[in-house]
Amino acid sequence: MPTRSFPLTPTSLQVADEVLDDLRRRLTTTKWPRDAGNDDGYYGVRRSYLQELVAYWADGFDWRAAERAINAYEHYRVEVGGVPVHFMRKPGVGADPVPLILSHGWPWTFWHWAKVIDPLADPAAFGADPADAFEVIVPSLPGFGFSTPLTFAVHLAAHVLAPSTLAYGLADSPAGMLAWMLERWANWSDNGGDVERVFTKDDLLTHATIYWAGDAIETSIRTYANNNRYPWTPSHDRWPQVEAPTGITLVGYENPPGVTTSEQRVQHFLSARGR
């Protein structure tokens, strides 16, 4: 079924060979801490598992295969108010697809939505009603993934005190960057203590390579400091402030300290925004 014309020209994503070669060199020359007394992960990411993952990233993980899967979709780069924005698009297949923006959070990427894009854009191919089709747009948040380089502050989310200090280490060491993100992926997923029950090594390293290739780790964590220092203010006095139909997912295993129930999670979210 034909789809409506789109005013932009897609450009496929391709990470340069020299970026991948430099990544492998850094991975294979990682200087490892002793990590004494941390066999149970009490002090953070275990060296034994991180070393296994780093070894696979350096010699086994096929970024080009991941890149081909990513490029099965349309990709665009635009500038909005001086801010670089990359987004992925899947045209809707139906009589009147509804535009739908899927937005990721940290430490994820646009590719976090990969498994739901096709059913949303072409429900008939999955046994559902074609009238429910969406025109799916999946942006990389400013400063994340390939929405880079970001040269001034954009205010998005919640709380690192000195992101630039941390970024010097993470931007220089892919193993360090991976450890920082892996801890969050493991703690913020319903995996029963084994992150690979939810995300394969290839899943994890696809996201990690997107951060590394986009040189996005510094700007992705800086947004969390900016939100505290420069709270977002609406550009109008209407209510609701966000007027497009919007859905928000509050995931139970990402609860902040002191929150144990769904009701408490909702109230915490509302109170944090002054409502």
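# Patch, strands and salt bridges

Biologist: Which residues make the nonpolar surface patch of about 300 Å²?

Modeller: This is a predicted model, where local features need pLDDT of at least 70, side-chain atom pairs count only at pLDDT 80 or more, and totals for chains, interfaces and linings use all residues. Residues are numbered from 1 along each chain as its sequence is written, and side-chain values use heavy atoms, without hydrogens or water. A patch takes residues with over 30% relative accessible area and no salt bridge, joining like charges within 9 Å and nonpolar side chains (Val, Leu, Ile, Met, Phe, Trp, Tyr) within 5 Å, with areas from the Shrake-Rupley method and a 1.4 Å probe, only the protein chains shown counting as cover. Here the patch is made by Ile248, Leu250, Val266 and Leu270.

Biologist: What is the relative accessible area of Leu250?

Modeller: Leu250 belongs to the patch and sits in the loop between helix H8 (217-229) and helix H9 (262-272); helices (H or I, at least four residues) and strands (E, at least two) are DSSP runs numbered from the N terminus. Leu250 counts as partly exposed, the class between buried (under 20%) and exposed (over 50%), for a 1.4 Å probe and protein chains only. The value for Leu250 is 31%.

Biologist: Where does Pro240 lie?

Modeller: Pro240 follows Trp239 through a cis peptide bond, with omega near 0°. As for the place of Pro240, this residue is in the loop between H8 and H9.

Biologist: Which residue does a cis peptide bond join to Pro149?

Modeller: Pro149 lies in the loop between E4 and helix H5 (163-172). Omega is about 0° for the bond that joins Pro149 to Thr148.

Biologist: How many residues of E4 are buried?

Modeller: Strand E4 covers residues 134-139. E4 is mostly covered, and of its six residues the buried number is five.

Biologist: In which sense do E3 and E4 pair?

Modeller: Strands pair if DSSP finds at least two bridges between them. Strand E3 (residues 98-101) shares four bridges with E4. Val98 stands opposite Phe134, and Leu100 stands opposite Val136. The sense of the E3 and E4 pairing is parallel.

Biologist: Which residue in E4 is the bridge partner of Arg89?

Modeller: E4 is also joined to strand E2 (residues 83-90) by four bridges, and these strands run antiparallel. In E4, the partner of Arg89 is Ile137.

Biologist: How many salt bridges does the count come to?

Modeller: Side chains of opposite charge can pair when their charged atoms come close. A salt bridge is taken as a side-chain nitrogen of Lys or Arg within 4 Å of a carboxyl oxygen of Asp or Glu. By this rule the count is 14.

Biologist: How far apart are the closest N and O atoms of Arg24 and Asp21?

Modeller: Arg24 and Asp21 are three residues apart in helix H1 (residues 17-28), so about one helical turn separates them. Both are partly exposed, Arg24 at 37% relative accessibility and Asp21 at 47%. In their salt bridge, the closest N and O atoms are apart by 3.3 Å.

Biologist: Which residue meets Asp22 in a salt bridge at 2.7 Å, N to O?

Modeller: Asp22 is partly exposed at 24% relative accessibility. The partner also lies in helix H1, three residues away, or about one turn, and is partly exposed at 45%. That partner of Asp22 is Arg25.

Biologist: Is Lys201 buried or exposed?

Modeller: Lys201 forms a salt bridge with Glu196, at 2.7 Å from N to O. Glu196 is partly exposed at 29% relative accessibility. With 16%, Lys201 counts as buried.

Biologist: Which residues are joined into one network by salt bridges that share partners?

Modeller: The pair of Asp22 and Arg25 belongs to this network. Its members are Asp22, Arg25, Arg26 and Asp172.

Biologist: What is the phi of Asp35?

Modeller: Asp35 lies in the loop between H1 and helix H2 (47-58) and is partly exposed at 26%. Its phi is positive, in a residue other than glycine, and is near 60°.

Biologist: And what is the phi of Asp215?

Modeller: Asp215 is in the loop between helix H7 (201-213) and H8, and counts as exposed at 59% relative accessibility. Its phi, again a positive value in a residue other than glycine, is near 50°.
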